[in-house]
Amino acid sequence: MSFDPARPYDDLPALPPRQDVETKAVLKACVGARAALAELKISGRLIPNPSVLINSIPLLEAQASSEIENIVTTTDRLFRFANRPETGVDPATKEALRYRTALYQGFESLKDRPLSTRSAIEICRTIKGVNLDIRATPGTALLNEATGRVVYTPPEGAELLRDKLANWERYIHADDGVDPLIRLAIAHY
């Protein structure tokens, strides 16, 4: 079956990918990413109050993640409402702040258990601000806001989604020698 963005992508391939993911180009990018992470680690030690950096990164990540979902807010609004997200804040900023909260809760949950489908569900509940579970109803599609065209329709059906998530969970915990940064990118994708 060829990919049609308007049809549920129920044939989403299982993990691990069949092709070689540790190509020369990818490994070169990995080296650069590791160097950047090392610089960030050192920079964090040089800042008098590292919590400023630690608290800023999740807000900026929340802003970027929200924009992917066409939820747009400004950095100024995020920082202005970071400590009082329920007081006079617009819906886009409120949702981006929930992304930040979900990131923190997900990080904290790793102290008690490994990343799992359960973790993903809890994180989604926090982001959306509602008590939800695996999506069972059809009709979800990602649209290009400018054109209204469907760019992606995710797989449908709770059983299929649970199977895909179980495969994702097995992949992220597999010990197959793939570089952890590459595994992280694939798992995120």
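A polar contact here is a pair of N or O atoms within 3.5 Å, one able to donate a hydrogen and the other to accept it. That cut-off serves the close-up of serine 109 below. The model in every view is predicted.

**Figure 1. Overview of the predicted model.** The protein has seven helices and two strands. Along the sequence, the order is α-α-α-α-α-β-β-α-α. The C-alpha trace spans about 55 × 45 × 35 Å along its principal axes. Of the 189 residues, 25% are buried. Among contacts with a separation of 6 or more, 51% join residues 24 or more positions apart. The whole structure holds 10 salt bridges.

**Figure 2. Serine 109 contacts the backbone of glycine 106.** Serine 109 belongs to helix α4, which covers residues 91-109. The side chain of serine 109 lies 2.8 Å from the backbone oxygen of glycine 106. This distance falls within the 3.5 Å limit for a polar contact. Is serine 109 buried or exposed? Its relative accessibility is 11%, so serine 109 counts as buried.

**Figure 3. Helix α1 packs against helix α7.** Helix α1 takes in residues 24-46, and helix α7 residues 180-188. Two packed helices are described by the angle between their axes and the distance between the axes. For α1 and α7, the angle is about 100° and the axes are 9 Å apart. The two helices are therefore roughly perpendicular to each other. From α1, the contact involves Val26, Leu27, Cys30, Ala33, Arg34 and Leu37. From α7, Pro180, Leu181 and Ile182 take part. Eight of the contact residues are nonpolar, none is polar and one is charged.

**Figure 4. Alanine 33 and leucine 181 across the α1 and α7 contact.** Alanine 33 sits in helix α1. How far apart are alanine 33 and leucine 181 in sequence and in space? They are separated by 148 residues in sequence, and by 8.4 Å in space from C-alpha to C-alpha. Both residues appear in the contact of α1 with α7. Alanine 33 has a relative accessible area of 32%, so it is partly exposed.

**Figure 5. Helix α6 packs against helix α7.** Helix α6 comprises residues 158-173. Its packing angle with α7 is about 170°, and the axes are 10 Å apart. The helices are therefore roughly antiparallel to each other. Trp168, Tyr171 and Ile172 of α6 make the contact with Arg183, Ile186 and Ala187 of α7. Five of these residues are nonpolar, none is polar and one is charged.

**Figure 6. A salt bridge joins arginine 77 and aspartate 90.** Side chains of opposite charge can pair when their charged atoms come close. Here the side chains of arginine 77 and aspartate 90 meet at 2.5 Å, N to O. The pair links distant parts of the chain, 13 residues apart. Arginine 77 lies in helix α3, residues 75-81. Aspartate 90 lies in the loop between α3 and α4. Arginine 77 is partly exposed, at 23% relative accessible area. Aspartate 90 also counts as partly exposed, at 23%.

**Figure 7. Glutamate 95 and arginine 98 pair within helix α4.** Their side chains form a salt bridge with an N to O distance of 3.7 Å. What separates the two residues along the helix? Glutamate 95 and arginine 98 are three residues apart in α4, so about one helical turn lies between them. Glutamate 95 counts as buried, at 13% relative accessibility. Arginine 98 is partly exposed, with 23% relative accessible area. Lys128 joins Glu95 and Arg98 in a network of salt bridges.

**Figure 8. Arginine 118 and glutamate 122 pair within helix α5.** The salt bridge between glutamate 122 and arginine 118 has its closest N and O atoms 3.1 Å apart. Helix α5 runs over residues 117-128. The two partners are four residues apart in this helix, so about one helical turn separates them. Glutamate 122 is partly exposed, with a relative accessible area of 29%. Arginine 118 is exposed, at 51%.

Technical notes
Residues numbered from 1 in each chain as written. Predicted model: local features only at pLDDT ≥ 70, side-chain atom pairs only at ≥ 80, totals over all residues. Heavy atoms only, no water. Axes fitted to C-alpha atoms, helices over the stretch in contact; angles between N-to-C directions. Parallel < 35°, antiparallel > 145°, perpendicular 65-115°, else oblique. Contact = heavy atoms within 4.5 Å. Nonpolar A, V, L, I, M, F, W, Y, C, P; charged D, E, K, R; others polar. Buried < 20%, exposed > 50% of the residue type's maximum accessible area, 1.4 Å probe, protein only. Salt bridge = Lys/Arg side-chain N within 4 Å of Asp/Glu carboxyl O.
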